[in-house]
Amino acid sequence: MKRIALFPGSFDPFTKGHEDIVLRGLKLFDEIIIAIGYNSGKSVRYFPVNEMVQHIKATFAAHPNISVHTYAELTAEFARKHKANYLLRGLRNTTDFEYENSISQINRQLFVELESVFLITSPEFAWISSSIIREVHKYGGDISGFLPYKL
Ligand code: ADP
């Protein structure tokens, strides 16, 4: 059976930390689906979702086994529909752990087949967070070094 992993997130923006998790995930999975959780009626994003989809697609253009989607439903439901049996997530610190721990328990309740796999961040990306990048960008700082694509 093909090992298909879903890598869900807000990716506002998608960073080098995210890219690192995807590239390392490729050693474990046959296919990775990057899914931006986005509800047009509710979500207020800093970086427009369609532009982010294009940036992520360009980042992984050389990898036919990586696809990019948006979704506005339960992550477990989206995974089921796309036949993904694994959820891929990154862990930077204990705050990430606490959050990921409860989400993964809930996802497991909703879809028993869904196994969460966590990769510990590479040290050089541990401090990169989408929220800090948004803040730097808002005040005119150069964020190009944190992103795997050109804005
Ligand atoms: P969410 O809104 O679901 O937390 P994010 O886009 O912030 O979405 O993050 C998606 C996933 O990537 C999460 O598992 C998060 O812990 C992980 N992640 C975020 N930044 C990094 C990083 N610098 N290194 C490794 N993993 C990261």
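I will go through the ligand in this structure and the pocket that holds it. The model is predicted, and I start with the pocket.

The ligand sits in the largest pocket. That pocket has a volume of about 860 Å³ and a lining of 38 residues. Nearest its centre are Pro-8, Gly-9, Ser-10, Arg-89 and Glu-100. By class, the lining splits into 16 nonpolar, 15 polar and seven charged residues.

Which elements supply at least two residues each to that lining? They are strand 1, helix 1, helix 3 (75-81), strand 4, helix 4, strand 5 (115-120) and helix 5 (130-138). Helix 4 gives the most, with eight residues.

Now the ligand itself. There are 16 residues around the ligand, and Ser-10, Phe-11, Gly-90, Phe-125 and Ile-128 come nearest. The shell is made up of six nonpolar, six polar and four charged residues. Strand 1 (4-9), helix 1 (16-25), strand 4 (86-91) and helix 4 (94-110) each put at least two residues into this shell.

On to polar contacts. In the side chain of Thr-121, an N or O atom is 3.0 Å from a nitrogen atom of the ligand. For Asp-96, a side-chain N or O atom lies 3.4 Å from an oxygen atom of the ligand. His-18 has a polar side-chain atom 3.4 Å from a ligand oxygen atom. As for burial, the ligand taken alone exposes 550 Å², and the protein buries 87% of that.

To recap, the ligand is in the largest pocket, with 87% of its exposed area buried by the protein. That is all from me.

Note on methods: Residues are numbered from 1 along each chain as its sequence is written. This is a predicted model: local features need pLDDT of at least 70, side-chain atom pairs count only at pLDDT 80 or more; totals for chains, interfaces and linings use all residues. Side-chain values use heavy atoms; hydrogens and water are left out. A residue is near a molecule or strand if one of its heavy atoms lies within 4 Å of it. A polar contact is a pair of N or O atoms within 3.5 Å; within protein, one must be able to donate a hydrogen and the other to accept it, and residues adjacent in sequence count only if both atoms are side-chain atoms. Accessible areas come from the Shrake-Rupley method with a 1.4 Å probe; for residues, only the protein chains shown count as cover. On a 1 Å grid over the protein atoms alone, a cavity is a set of points where a 1.4 Å probe fits but cannot get out, and a pocket is an open set with protein on both sides within 12 Å along at least five of seven lines; lining residues have an atom within 4 Å of a point. A molecule sits in a cavity or pocket if more than half of its atoms lie within 2 Å of its grid points. Helices (H or I, at least four residues) and strands (E, at least two) are DSSP runs, numbered from the N terminus. Ala, Val, Leu, Ile, Met, Phe, Trp, Tyr, Cys and Pro count as nonpolar, Asp, Glu, Lys and Arg as charged, and the others, Gly among them, as polar. Grid points are joined across faces, edges and corners, and a volume is the space filled by probe spheres set on the points.
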